[in-house]
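Here is a short briefing on charged side-chain pairs, meant to be read alongside the structure. Have the viewer open and follow the pairs as they come up.

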Amino acid sequence: GALVGGDVIFHDGSFFAASSRGDVGAFSTSGDAIWTRRTDRGVFSTPVIADGSLVVADESGNVFALATRDGARKWSTRLPGRVRFAGLSEADGFVFCVTYEGVLYALRSSDGGVAWSFSSGARSSSGAAPIRGGVAAAFADGRLTAISSDGTRVIWEARLDGSPTTAIHESAGRLILACGRKVYVVASVSGRIIRTAEAGADLIAVRPLADGGIAAVTETGVV
């Protein structure tokens with residue numbers, strides 16, 4: 001199946017990818033399949049490496065960890081919601097997953113158990129990004145919300161002009177995401193909008209660069 005909504009990731013000399021048909025696999029640098037597995041439904045989000053495992057979420061809300069070496073299943077958790085285009089992230093022993101219904105879940109990377117959840121009341125397809133002392137998530141009503149690492153309180157909240165259209169990324173104390181044609185750079189400690197920039201068309205992907213710049217891709221394919 002086609003790779004839809006998820007990035008290919010590289011770890012320990014191998015590439016890992018998932019498809020809209022539900023195929024998940026590890027591949028060598030020469031392109032040979034090392035192992036492949038099938039999920040219950042299609043995968044539209046980017047997996048993450050956590051606690052030595054490849055953690056994947058399919059569209060129906062099944063989250064599971066596969067051994068990177070051979071694809072053996074270590075654990076699985078069923079969330080009450082859909083995971084659509086919102087990539088997984090990890091930090092400090094947790095995997096963060098945001099359902100399309102707008103609930104942020106913190107799963108223990110060791111066994112997949114739900115440590116806590118936060119309900120936004122708005123849909124989401126942008127995922128979450130770990131920050132110092134917590135995790136930030138973007139929602140369809142234009143809220144960018146930082147939640148404490150134990151899930152008990154909102155640290156800060158910023159308002160964006162519209163619904164996020166890309167995944168959210170953290171780099172060097174900055175959160176980077178886009179709403180339509182506008183790229184936002186937000187301070188991860190305070191939620192202050194540092195700067196914005198306009199593209200010539202709606203943005204579908206943004207990524208921080210090592211030199212402090214931002215790579216962006218529009219729906220017309222312009223980078």
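**Salt bridges in the predicted model**

Asp141 and Arg143 form a salt bridge, with their closest N and O atoms 2.7 Å apart. The model is a predicted one, and 10 salt bridges are counted in it. As general background, side chains of opposite charge can pair when their charged atoms come close.

**Around Arg143**

- Arg143 counts as buried, because its relative accessibility is 11% and the cut-off for buried is under 20%.
- Its partner Asp141 counts as partly exposed, at 36% relative accessibility.
- Arg143 also meets Glu157 in a salt bridge, with an N to O distance of 3.7 Å.
- That pair links distant parts of the chain: Arg143 lies in strand S15 (residues 143-148) and Glu157 in strand S16 (residues 154-159), 14 residues apart.
- Glu157 is partly exposed, with a relative accessibility of 41%.

**Around Asp23**

- Which residue does Asp23 form a salt bridge with? The partner is Arg21, and the closest N and O atoms are 3.2 Å apart.
- Arg21 has a relative accessibility of 52%, so it counts as exposed, the cut-off being over 50%.
- Asp23 is partly exposed, with a relative accessible area of 23%.

**A shared network**

- Back at the Arg143 and Glu157 side chains, the salt bridge has an N to O distance of 3.7 Å.
- Elsewhere, Arg21, Asp23 and Arg38 are joined into one network by salt bridges that share partners.

Note on methods:
Residues numbered from 1 in each chain as written. Predicted model: local features only at pLDDT ≥ 70, side-chain atom pairs only at ≥ 80, totals over all residues. Heavy atoms only, no water. Salt bridge = Lys/Arg side-chain N within 4 Å of Asp/Glu carboxyl O. Buried < 20%, exposed > 50% of the residue type's maximum accessible area, 1.4 Å probe, protein only. Helix = DSSP H or I, 4+ residues; strand = E, 2+ residues; numbered from the N terminus.
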